[in-house]
Amino acid sequence: MTTPQEIDPAPTAERAGPLAGFRVGVTAARKVEEQISLLERRGAEVVWGPALSLEPNLVDADALRAATERVLAGPVDLFLATTGVGMKAWFTAAEEWGLYAPLMEALSGAEILARGPKSVGVLRRNGLRELWAPDSECFDDVLAHLRGRDLTGRRIVVQEHGQDLSMVAHALRRQGADVETVAIYRVEQAEDPTRLFALIDRIADVSLDAVTFTAAPAVAALMEAAVSVGRRDDVVSAFQSDVLACCVGPVAAAAFERWGVPTVYPERSRLAAMVRLLETELPLRQQGLALSLATGSTLLLHGDAVLLDGVEVRLSGAPLAVLDALVTNPGQVVSRAELLAQLPSGGAGSEHAVEMAVARLRSALGTRAVQTVIKRGYRLAVA
């Protein structure tokens with residue numbers, strides 16, 4: 001199998017497919033060959049800059065065995081399963097140590113909450129059954145499921161997902177629980193950041209159309225690297241305007257919230273689904289009308305679809321008709337009479353209907369997105 005370093009994209013002129021002409025950055029370290037292949041087969045030019053270590057399972061065997069023995073030291077009341085790859089590594093290690101059978105026995109008597117289908121799959125293949133798993137595949141929702149419950153005296157085992165969950169453990173202890181965290185592996189940053197720095201420059205210079213993220217730690221690593229080279233603000237600005245941040249699921253997307261970066265992700269957290277989403281999103285954005293509002297947000301229109309900073313805004317007939325009229329000549333005043341004529345009710349309506357439609361539009365886009373020009377009408381506040 002070729003390694004990512006050996007992958008040389010074909011010349012752009014030879015490319016064909018729904019992503020032909022688009023440049024996509026890839027931050028993944030695991031399954032990167034598969035992702036690059038999926039993108040290139042659809043015509044994309046791929047720029048690879050791993051944010052995380054190429055070694056996917058950095059397991060401290062001694063620490064994991066000690067944690068396993070602590071788990072087996074008493075009955076387990078609740079088990080929080082977070083990742084399939086983590087549990088698979090844990091169960092494999094336990095088998096090597098001759099502890100697989102007692103570990104399965106200990107967990108089988110527990111109430112098991114699983115983060116998503118991958119962890120559910122590993123559980124079931126090992127004869128364990130989850131009591132509940134959220135549709136969102138978000139670990140936060142697993143915690144929300146426990147919030148408010150009296151956990152006094154309950155012994156909870158939390159399988160960490162590559163990041164330190166000590167704060168989660170502290171929160172559960174506040175509810176009275178006795179918590180044991182099991183750190184199976186640690187997600188580390190890329191050993192050589194050269195490619196990542198190059199990718200950051202491409203993002204900041206807006207020479208990419210999209211960047212994919214398959215893990216929340218990759219978001220944190222990329223932003224930390226951007227800070228180190230003084231390009232954080234450029235990267236955030238690019239993601240807020242011209243470069244699409246495409247995540248594999250809500251967990252990775254949530255890591256962007258602190259930066260105010262809009263994201264898109266598929267309904268099912270799968271690599272192929274993420275690539276299919278790019279097939280739809282990138283051509284759609286290319287064909288749409290993009291406007292920079294005076295509020296600092298970016299408005300994108302393509303057909304009846306309206307996106308504000310990358311997030312879809314749903315508008316009913318009247319507000320959408322007003323928006324269509326205002327964007328025909330951005331920044332120019334459109335009279336109430338002209339707007340009234342554009343409403344679904346047309347001249348049969350009243351200027352009050354225009355005011356109501358404008359109010360709904362402001363509610364969706366921000367109160368300062370549409371300006372009132374006294375005695376003349378309204379205009380879209382563009383930068």
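# Notebook: a predicted chain

**Entry 1. Confidence and overall make-up.** I began with confidence: this is a predicted model, its mean pLDDT over the chain is 88, and 93% of the residues reach 70 or more. I then looked for the weak part. Over residues 1-13 the pLDDT stays under 50, and the model has 19 contacts for them beyond four places in sequence. Where pLDDT is low, predicted coordinates should not be read in detail. I therefore leave the detail of residues 1-13, with pLDDT under 50, unread.

I next recorded the general architecture. The chain has 15 helices and 15 strands. Along the principal axes, its C-alpha atoms fill a box of roughly 80 × 55 × 35 Å. I looked up burial and noted that 48% of the 383 residues are buried. For contacts with a separation of 6 or more, I noted that 63% join residues 24 or more positions apart.

**Entry 2. Helix H1 and its two ends.** Which residues of helix H1 are buried? In H1, residues 32-41, I found Val-32, Gln-35, Ile-36, Leu-38 and Leu-39 to be buried. These residues lie on the same side of H1, because they cover an arc of only 160° around the axis. An α-helix has 3.6 residues a turn, so residues three or four places apart point the same way. I then looked up what the buried residues of H1 pack against: strand S1 (23-26), strand S2 (45-48), S7 and H12.

I also checked the backbone on either side of this helix. Lys-31 is found in the loop between S1 and H1. Its phi is near 55°, a positive value in a residue other than glycine. H1 is followed by Gly-43, where phi is also positive, near 100°.

**Entry 3. Helix H10.** I asked the corresponding question of H10, residues 232-241, and found Val-235, Val-236, Ala-238 and Phe-239 buried. They share one side of H10, since the arc they cover around the axis is only 160°. What covers them includes helix H8 (194-204), strand S7 (210-213), helix H9 (216-228) and strand S8 (244-247).

I followed the H8 part of this cover to a single residue, Ala-204, which lies in that helix. Ala-204 is buried, with a relative accessible area of 13%. Leaving out residues up to four places away in sequence, I found that Ala-204 touches Arg-231, Asp-234 and Val-235. I also recorded a long separation: Ala-204 and Ala-341 are 137 residues apart in sequence, and their C-alpha atoms are 43 Å apart in space.

**Entry 4. The second largest pocket.** How much space lies in the second largest pocket? I noted about 380 Å³. The lining has 22 residues, and the closest to the pocket centre are Ser-241, Asp-242, Val-243, Arg-285 and Leu-300. The elements giving two or more residues to this lining are H10, strand S9 (263-264), helix H12 (271-287) and strand S11 (298-302). By type, I recorded 10 nonpolar, 8 polar and 4 charged lining residues.

**Entry 5. Two buried strand residues.** I looked up Cys-247, whose place is in strand S8. Cys-247 is buried, and its relative accessible area is 0%. Not counting residues up to four places away in sequence, Cys-247 touches Phe-213, Ala-252, Ala-253, Phe-256, Thr-263, Val-264, Tyr-265, Pro-266 and Met-274. Ala-369 is 122 residues from Cys-247 in sequence, and the two C-alpha atoms are 28 Å apart.

I then turned to Ile-112, in strand S4 (residues 111-114). Is Ile-112 buried or exposed? Ile-112 is buried, because its relative accessible area of 1% falls under the 20% cut-off. Aside from neighbours within four places in sequence, I found Ile-112 in contact with Phe-79, Leu-107, Leu-123, Leu-128, Arg-129, Glu-130, Leu-131 and Trp-132. Glu-130 is 18 residues away from Ile-112 along the chain, yet their C-alpha atoms are separated by 4.7 Å.

**Entry 6. An exposed loop residue.** Last, I looked up Lys-375, found in the loop between strand S14 (370-373) and strand S15 (377-380). Lys-375 has a positive phi of about 65° although it is not a glycine. I noted its relative accessibility as 82%, so Lys-375 counts as exposed.

Notes:
Residues are numbered from 1 along each chain as its sequence is written. This is a predicted model: local features need pLDDT of at least 70, side-chain atom pairs count only at pLDDT 80 or more; totals for chains, interfaces and linings use all residues. Side-chain values use heavy atoms; hydrogens and water are left out. Buried means under 20% relative accessible area, exposed over 50%, partly exposed in between (1.4 Å probe, protein chains only). Helices (H or I, at least four residues) and strands (E, at least two) are DSSP runs, numbered from the N terminus. The arc is that of the directions from the helix axis to the C-beta atoms. Contact means heavy atoms within 4.5 Å. On a 1 Å grid over the protein atoms alone, a cavity is a set of points where a 1.4 Å probe fits but cannot get out, and a pocket is an open set with protein on both sides within 12 Å along at least five of seven lines; lining residues have an atom within 4 Å of a point. Grid points are joined across faces, edges and corners, and a volume is the space filled by probe spheres set on the points. Ala, Val, Leu, Ile, Met, Phe, Trp, Tyr, Cys and Pro count as nonpolar, Asp, Glu, Lys and Arg as charged, and the others, Gly among them, as polar. pLDDT is the predictor's confidence in each residue, from 0 to 100.
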